[in-house]
Amino acid sequence: MLRGVLIDWGGVLTTNMTEAIAEWITVDRIDAAHYHEVMRELITRAYDGARDGGAYDGGAYDGGTRDGRARDGGVRDGGVRDGGENLVHALERGEISGADFERRLAALLVTLDGVPPVAEGLLARMFAGFRRVEPMYGMLREARAAGVRTCLLSNSWANEYPREGWEEFFDAVVISGEVGMRKPEPGIFEHALGALDLTGPECVFVDDAEVNVAAARALGIVGLHHRDPEPTIAELERLLGMPLRAVSRGQGGEAGTLDG
């Protein structure tokens, strides 16, 4: 019986990353073709070998390439720290600062004016286009009201999260840069399960990156690859066996609850 929901933030509880990145590219006058070339290789390196990963889709990342092979591109050694550590890994684990990553990334990019973009505040500008997806928050509200335990499980890019009111939606919050682990590493999933005091088979994990969903499934967690709110909520209703939209309460009486 499923008793818990682990859920990603960017692209799941927010509008998708591709839209946010496109907005930033326009505002900062970034050379879009060069940006996508740089990010494709940087993210391929970050998820190298993740053969079940999702393809790069024009956002900051979507879990790596289909087959895990590196492509020729513009990153060269700029995406690797001294000692061979990938910059994305280090950023997501909180091992380097956002400012350090911004300087490294800005040096790899170019604007339509032929110069690098301003490094300071680069990540905040990249993600400024994220918008909260209310139906997904409504789903979490209904799930918790029915006794389902919920945990936000997010890879951070040193970004600020809009945490006000989160106590209404989450029993636990696990941010990669705060715990020193990142998806798809098994340890961060185990940490989240421990925070909810549940086992893998008792939980469903929702993420828009296939590589992360595959990693969760390997630990016995039910994996749900998110694309759009409506089908995700419908599948969660099926898996949890309860209505997860507020309108359902008015139409069908009180939502069911989970015992224990």
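Is D8 buried or exposed, and what is its relative accessible area? Keep that question in mind as you open this predicted model; the first exercise answers it.

**Exercise 1. Follow the salt bridge of D8.**

Task: Work out how accessible D8 is, then find its salt-bridge partner and the place of each residue in the chain.

Solution:
- Step 1. The relative accessible area of D8 is 6%. The cut-off for buried is under 20%, so D8 counts as buried.
- Step 2. Look for the partner: D8 forms a salt bridge with K183, and their closest N and O atoms are 2.9 Å apart.
- Step 3. Place the two residues. D8 sits in the loop between β1 and α1 (17-27), while K183 belongs to the loop between α7 and α8. The pair thus links distant parts of the chain, 175 residues apart.
- Step 4. Check K183 as well: its relative accessible area is 1%, so K183 is buried.

**Exercise 2. Look at the peptide bond after K183.**

Task: State whether the peptide bond from K183 to P184 is cis or trans, and locate P184.

Solution:
- Step 1. Read omega, which is near 15 degrees for this bond.
- Step 2. The peptide bond from K183 to P184 is therefore assigned as cis.- Step 3. P184 lies in the loop between α7 (176-179) and α8 (186-196).

**Exercise 3. Examine two more salt bridges.**

Task: How many salt bridges does the model hold, and which parts of the chain do the pairs E202 with R3 and D171 with R144 tie together?

Solution:
- Step 1. Begin with the total, which comes to 16 salt bridges.
- Step 2. In one of them, the side chains of E202 and R3 meet at 3.4 Å, N to O. E202 is in the loop between α8 and β4 and R3 is in the segment before β1 (4-7), so this pair ties together parts 199 residues apart in sequence.
- Step 3. With a relative accessible area of 19%, E202 is buried; the limit is under 20%.
- Step 4. Turn to D171, which forms a salt bridge with R144; here the closest N and O atoms are 2.8 Å apart. Since D171 lies in the loop between β2 and β3 and R144 in helix α6 (residues 134-145), the pair joins parts that are 27 residues apart in sequence.
- Step 5. D171 has a relative accessible area of 41% and is partly exposed. R144, at 26%, also counts as partly exposed.
- Step 6. Finish with the network: D8, K183 and D207 are joined into one by salt bridges that share partners.

**Exercise 4. Lay out the sheet.**

Task: What is the order of the five strands in the open sheet, and which strands stand at its edges?

Solution:
- Step 1. The order is β3-β2-β1-β4-β5, and the pairing is parallel.
- Step 2. Go to the ends of that order. β3 and β5 (222-225) each have a single partner strand, so one side of each is left without a neighbour in the sheet.
- Step 3. For the twist, neighbouring strands are turned by 20 degrees against each other on average, direction ignored.
- Step 4. Zoom in on β4 and β5, which run parallel and are joined by four bridges. D207 has H225 in β5 as its bridge partner.

**Exercise 5. Describe the second largest pocket.**

Task: Which residues line the second largest pocket, and which helices supply at least two of them each?

Solution:
- Step 1. The space in this pocket is about 160 Å³.
- Step 2. Its lining is made up of W9, G98, E102, L123, A124, F127, F130, A158, N159, E160 and P162.
- Step 3. Sort the lining by class: seven residues are nonpolar, two are polar and two are charged.
- Step 4. Match the lining to the helices: α4 (98-108) and α5 (122-126) each supply at least two residues.

**Exercise 6. Compare two positive phi angles.**

Task: Where do A158 and D197 lie, and is each of them buried, partly exposed or exposed?

Solution:
- Step 1. A158, which also appears in the pocket lining, has a phi near 60 degrees, a positive value in a residue other than glycine.
- Step 2. A158 is placed in the loop between β2 (149-154) and β3 (172-175). Its relative accessibility of 44% makes it partly exposed.
- Step 3. D197 is not a glycine either, and its phi is positive at about 60 degrees.
- Step 4. D197 is found in the loop between α8 and β4 (203-207). At a relative accessible area of 64%, D197 is exposed; the cut-off is over 50%.

Terms used
Residues are numbered from 1 along each chain as its sequence is written. This is a predicted model: local features need pLDDT of at least 70, side-chain atom pairs count only at pLDDT 80 or more; totals for chains, interfaces and linings use all residues. Side-chain values use heavy atoms; hydrogens and water are left out. On a 1 Å grid over the protein atoms alone, a cavity is a set of points where a 1.4 Å probe fits but cannot get out, and a pocket is an open set with protein on both sides within 12 Å along at least five of seven lines; lining residues have an atom within 4 Å of a point. Grid points are joined across faces, edges and corners, and a volume is the space filled by probe spheres set on the points. Ala, Val, Leu, Ile, Met, Phe, Trp, Tyr, Cys and Pro count as nonpolar, Asp, Glu, Lys and Arg as charged, and the others, Gly among them, as polar. Buried means under 20% relative accessible area, exposed over 50%, partly exposed in between (1.4 Å probe, protein chains only). A salt bridge is a side-chain nitrogen of Lys or Arg within 4 Å of a carboxyl oxygen of Asp or Glu. Two strands pair if DSSP finds at least two bridges between them. Axes are lines fitted to C-alpha atoms, for helices over the stretch in contact, and angles run from 0 to 180 degrees between N-to-C directions.
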